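Got the viewer open? Let's walk through this one selection at a time, with a short stop at each place.

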Amino acid sequence: RAKDQGRNTYRLYTEDMTRKALDRLEIETLLREALANGELYLEYQPLVSVHSNAIFGAEALMRWKNPLRGVIRPDEFIPVAEESGMITRIGDFALLEACRSMKRLLDEGLPLRTIAVNISPRQFLLQDVVASVKKSLAETGLRPEYLELEITESALMHDPDQSLQTLLALRDLGIRLAIDDFGTGYSSLAHLKRFPLHKLKIDRSFIRDIPHDLDSEKIATTIVAMARGLELKVLAEGVETEDQRKFLEEHNCDFFQGYLCSPAVSAETLAELVKKQRR
Ligand code: C2E
Ligand code: MG
Ligand code: MG
Ligand code: MG
């Protein structure tokens, strides 16, 4: 029996592995066509002031709708894009498209000051991200101070000296830099202090259980205090309830994003949200 069970377990395991491998390969194959077929596009999640509830910007988030597979989540296809090297072209597309949308919204007279774009580790480490940013700004006419790049701790800490050079070159372009998903990786405080950063984004996993979980509260308030010490702005990701927002207000967090305000939406809907609050 044990033997049978072992064999069954083995078979299930391999079937599962095969399914996963096919999925990954299928994603890779479909992704190769996706950009050319216009299946990739951006949505924009409002970035909000904790104190005034005013929308001051947005984070561009990639979306993929495939006619056969339906909606595919970024958590599924961004890693595939990374491993296969396709992130270079996809990342350039996101940068350009985000800058273009922001320029259009500003030309409409909307009082926005930040468009945030995610940069994957491979984009940051291997690709000439400085050249990509320059090109997107030049092509769209967006002023650099409106653009913020989001980079994870692991990408920055992989080779801190090289990262510092890249960050300095980006800072010299006049754009801003944020650390994404802060608290989930390993950061050297000495390096953090040297990097020309503008903002820390507290990962959603530390916000989710506030105010029920004391550990989460402590981590969130510690990150806010750390940001203050480093003279950085701080934003909380994934804020879903008014209780969470109140907690962040009491603890002097600057900004939030999350379903409490809005999920990621089209540029048109973002414009409506901003106009609505102006009235
Ligand atoms: P991220 O950069 O940390 O983005 C925040 C994620 O949290 C987004 O997931 C957003 O939809 C989600 N979120 C925001 N507020 C809430 C909330 O209140 N509740 C919950 N449950 N979720 C919330 P999304 O859009 O699925 O993106 C996942 C990740 O994929 C992003 O995490 C980012 O790492 C990556 N990604 C997305 N677009 C791009 C892109 O254009 N380039 C690169 N390199 N990565 C991207
Ligand atoms: Mg992000
Ligand atoms: Mg994040
Ligand atoms: Mg996150």
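Start in the middle: select Leu31, Trp64, Val133, Leu142, Leu147, Leu149 and Leu170, the residues with the most contacts inside the largest nonpolar core, which has 79 residues. Then add helix α3, residues 87-107, which brings 9 residues to this core, the largest share. Apart from that core lies another one, of 5 residues, with Leu47, Phe56, Ala116 and Leu235 among them.

Before going on, colour by confidence, since this is a predicted model. The chain's average pLDDT is 92, and 92% of the residues reach at least 70. Now pick residues 1-11: here the pLDDT is below 50, and the stretch has 0 contacts in the model beyond near neighbours in sequence. For the complex, the predictor gives a pTM of 0.93 and an ipTM of 0.98.

Back to the core for one residue. What does Leu149 touch, once neighbours within four places in sequence are left aside? Show its surroundings and you'll find Leu95, Val117, Ile119, Val129, Val133, Leu170, Ile175, Arg176, Leu177 and Ala178 in contact with Leu149.

**The metals**

Next, select the magnesium ion (ligand 3). Its protein donors are Asp180 (OD), Asp181 (OD) and Glu237 (OE), at 1.6 to 2.5 Å from the ion. Along the chain, these donors follow the spacing D-D-x55-E.

Which residue coordinates both this ion and the magnesium ion (ligand 2)? Asp180 does, and the two ions are 3.5 Å apart. Asp180 itself counts as buried because its relative accessibility is 7%, and the cut-off for buried is under 20%.

Now move to the magnesium ion (ligand 4), where the protein donors are Asp181 (OD) and Glu237 (OE), lying 2.2 to 2.6 Å away. Asp181 is the bridge between this ion and the magnesium ion (ligand 3), with 3.0 Å separating the two ions. Trace the backbone between the donors: Asp181 is in strand β6 (residues 176-182), while Glu237 is in the loop between β8 (233-236) and α11 (242-250), so the pair, 56 residues apart, links distant parts of the chain.

Buried or exposed: which is Glu237? Glu237 is buried, at 10% relative accessibility. Asp181, by contrast, is partly exposed, with a relative accessible area of 25%.

While Asp181 is still selected, check its backbone angles. This residue of strand β6 has a positive phi, near 55°, without being a glycine.

**More backbone stops**

Another non-glycine with positive phi is Asn252, at about 70°. You'll find Asn252 in the loop between α11 and β9 (255-256), where it is partly exposed, with a relative accessible area of 42%.

Then jump to the peptide bond from Ile210 to Pro211: this one is cis, with omega near 5°. Pro211 sits in the loop between α9 (204-207) and α10 (214-229).

For a glycine, go to Gly85, which follows helix α2 and has a positive phi near 90°. In α2 itself, residues 74-84, select Phe77, Val80, Ala81 and Glu82, which are buried.

**Last stop: helix α12**

Select residues 267-278. With 12 residues at 1.5 Å a residue, helix α12 should span 16 Å, and the 17 Å between its end C-alpha atoms agrees with that.

Which residues of α12 are buried? They are Ala267, Leu270, Ala271 and Val274. Look down the axis: these residues cover an arc of only 100°, so they are on the same side of α12. The general pattern is that an α-helix has 3.6 residues a turn, so residues three or four places apart point the same way.

Rotate to the other side of α12 and you'll see Glu268 and Lys276, which are exposed. To finish, show β1 (40-49), β2 (55-66) and α3 together with α12: these are what the buried residues of α12 pack against.

Technical notes
Residues numbered from 1 in each chain as written. Chains lettered and ligands numbered in written order. Predicted model: local features only at pLDDT ≥ 70, side-chain atom pairs only at ≥ 80, totals over all residues. Heavy atoms only, no water. Buried < 20%, exposed > 50% of the residue type's maximum accessible area, 1.4 Å probe, protein only. Helix = DSSP H or I, 4+ residues; strand = E, 2+ residues; numbered from the N terminus. Donors = N, O, S within 2.8 Å, 3.2 Å for Na, K, Ca; no water. pLDDT = per-residue confidence, 0-100. Contact = heavy atoms within 4.5 Å. Core = buried A, V, L, I, M, F, W, Y, C linked by side-chain atoms within 4.5 Å. Expected span 1.5 Å × (residues − 1). Arc of directions from axis to C-beta.
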